[in-house]
Amino acid sequence: MHAWLVRKNGPLAGARHPIRNEITRVGRGSGNDLIISEAAVVSARHAEIRREGANYFLRDLNSTNGTYLDGERISEAQLNAPCTIQLGNDGPELSFVLDDSPLPDINQTLVNQTLVAPPAGLQTDIAGSLEHHELLTAAVARARRARRSGVGDSTVVIMREMLEAALSRTKRKFKTTIALLGIALVAVSTYGYLKIYGMRREKSRYDAEIKQIELMLQHVQHDSAEADSLIDQLDRDQDRARALQNTLLLRVGSFEREESIKSEIKALLVEFGAETYSIPPEFLEGVKRFVQQYQGPDRPYMERALGTARKNMDTMRRIFQENNLPPDLAYIVLAESGLDVHGISSAGAVGLWQFTPDTARAYGLKVNDAVDERRDVAKSTHAACRYIRDLILDFGSGSSVMLALAAYNLGPAKVKAAVRRVNDPIKQRSFWYLYRVRAVPPETREYVPKVIAAMLIARHPERYGF
């Protein structure tokens, strides 16, 4: 009677391994007599079977997950055929059997040609494995026939042909799968391209309409029904274009590049809560003009802000931030005083923030013959923060920061008088509506772009040659 180990599960279920030697070792390592490499629970040297005369003994080799005999974990036990050896809990199972089957030639490939039938639910999943098993079985049969007929050294050739046939079958299946995936990818890509193309065309149409309306608004009376009608249409087109712009599909597929200075203005306006889809052309041209002015005639003021007066600018920005206001509002001082602490206007306004005596005293600054705190950087900036905060609260939400800039230059009373000429109370709070219909005075229409230009340069001085 010969002893065998028969694989009960796994990809080689049914394969038989003869126990030839006094000691037969089982494990994942290459030095074992029976190598089981497909299961992680099997240790490199897991267990051994020792033959003593007609008796066989199983011993665990200090494996990580243990060795089980008929469901019980053992350190060492005698084997009584038939019985089941399991390597690790829920690991590979081997049957230990004794029968009188002749031991195969040690040079022959050992494959049990009778496969254990898989469960019905797994038959589809392992169809490819069955095909390859059939190829392997045929190759083994050819090798045995060659040996019986006296043809030597043909096993390697036969096995190579078997591998080529298996690979050929696999490639055909992969090619079919890849072709189907390619077709699906082309279909999805085509749909996505057509969808993006249609959305971009629609957005381009709205953008063209917006541009045309902006140009028309420059030539209509600000208090006319035509102006209101154009702005209503502008608002609708902006809402539709913004919705398309925010669509993920269009954002992924868009290759549009906005003018650099325009995108920088929009980023700044978002922080001020005054974002707009379309910047009026006059406003954009005004910002560009003042950027050029700071690069040219007014360059000393900007160089002072970025150089010798940098410490004062940092102090003012910090104070604005402490008062929960946008720090960039500190650059109002460039439009107001050019950073001249001792500057005096024709109206008697003094200091960085150009406070009149009455406004300065109203916001807690001392102004008398002995002291003038309008020239104190920190104190005057704290007063400016309180003043700007009141202006923002006075003009409500939305683009109120922009209206506060206008009021700082013109005075809140004059701004209110100007905007009250607009009948709609909602539009009275919209800086962009008031700007487009020219409800604010020309001086203020110039002042706000000038402050925005100073902010842009201070944010990215290297882009503007500083």
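Me: At roughly what angle do the axes of helix α5 and helix α15 cross?
Reply: In this predicted model, helix α5 covers residues 260-272 and helix α15 covers residues 442-459. Their axes come within 11 Å of each other. The crossing makes α5 roughly perpendicular to α15, because angles of 65 to 115 degrees count as such. The angle asked for is roughly 105°.

Me: Which residues of α15 meet α5, and how many residues of this contact are charged?
Reply: On the α5 side, the contact involves I261, E264, I265, L268, E271 and F272. Their partners in α15 are I452, M455, L456 and R459. By class, the residues of this contact comprise seven nonpolar and no polar, and the number of charged ones is three.

Me: How are α11 and α12 oriented to each other?
Reply: Helix α11 spans residues 377-394 and helix α12 spans residues 400-410. They pack at an angle of about 120°, and their axes lie 8 Å apart. This angle falls outside the ranges for parallel, antiparallel and perpendicular pairs, and α11 and α12 are therefore oblique.

Me: What is the handedness of the crossing of α11 with α12, and which residues of α12 make the contact?
Reply: The crossing in which α11 passes α12 is right-handed. From α11, the contact draws on A384, Y387, I388, L391 and I392. The residues of this contact divide into nine nonpolar, one polar and no charged. The α12 side is made up of S400, V401, A404, A407 and Y408.

Me: How far apart are the axes of helix α8 and α11?
Reply: Helix α8, residues 310-322, packs against α11 at an angle of about 40°. The two helices are therefore oblique to each other, and α8 passes α11 in a right-handed crossing. The distance between their axes is 10 Å.

Me: Which residues of α11 make the contact with α8?
Reply: Helix α8 contributes N312, M316, I319, F320 and E322. The residues of the contact divide into seven nonpolar, three polar and one charged. The α11 side consists of V377, A378, T381, H382, C385 and I388.

Me: Which residue forms a salt bridge with R50?
Reply: Side chains of opposite charge can pair when their charged atoms come close. The structure holds 29 salt bridges. R50 lies in strand β5 (residues 47-52), and its partner is in strand β9 (residues 76-79), 26 residues apart, so that the pair links distant parts of the chain. At 2.9 Å from N to O, the partner of R50 is E76.

Me: Which two residues does a cis peptide bond join?
Reply: The bond has an omega of about -5°. One of its residues, P82, is found in the loop between β9 and β10 (83-87). The pair joined is A81 and P82.

Me: Where is N62 found?
Reply: N62 has a positive phi of about 55°, although N62 is not a glycine. Its place is the loop between β6 (55-60) and β7 (67-69).

Me: Over which residues is the pLDDT below 50?
Reply: The protein has a mean pLDDT of 82, and 81% of its residues reach 70 or more. One stretch falls below 50, and beyond near neighbours in sequence this stretch has 26 contacts in the model. The stretch consists of residues 106-127.

Definitions and conventions
Residues are numbered from 1 along each chain as its sequence is written. This is a predicted model: local features need pLDDT of at least 70, side-chain atom pairs count only at pLDDT 80 or more; totals for chains, interfaces and linings use all residues. Side-chain values use heavy atoms; hydrogens and water are left out. Axes are lines fitted to C-alpha atoms, for helices over the stretch in contact, and angles run from 0 to 180 degrees between N-to-C directions. Helices (H or I, at least four residues) and strands (E, at least two) are DSSP runs, numbered from the N terminus. Angles under 35 degrees count as roughly parallel, over 145 as roughly antiparallel, 65 to 115 as roughly perpendicular and the rest as oblique. A crossing is left-handed if the near helix is turned anticlockwise from the far one by less than a right angle, and right-handed if clockwise. Contact means heavy atoms within 4.5 Å. Ala, Val, Leu, Ile, Met, Phe, Trp, Tyr, Cys and Pro count as nonpolar, Asp, Glu, Lys and Arg as charged, and the others, Gly among them, as polar. pLDDT is the predictor's confidence in each residue, from 0 to 100. A salt bridge is a side-chain nitrogen of Lys or Arg within 4 Å of a carboxyl oxygen of Asp or Glu.
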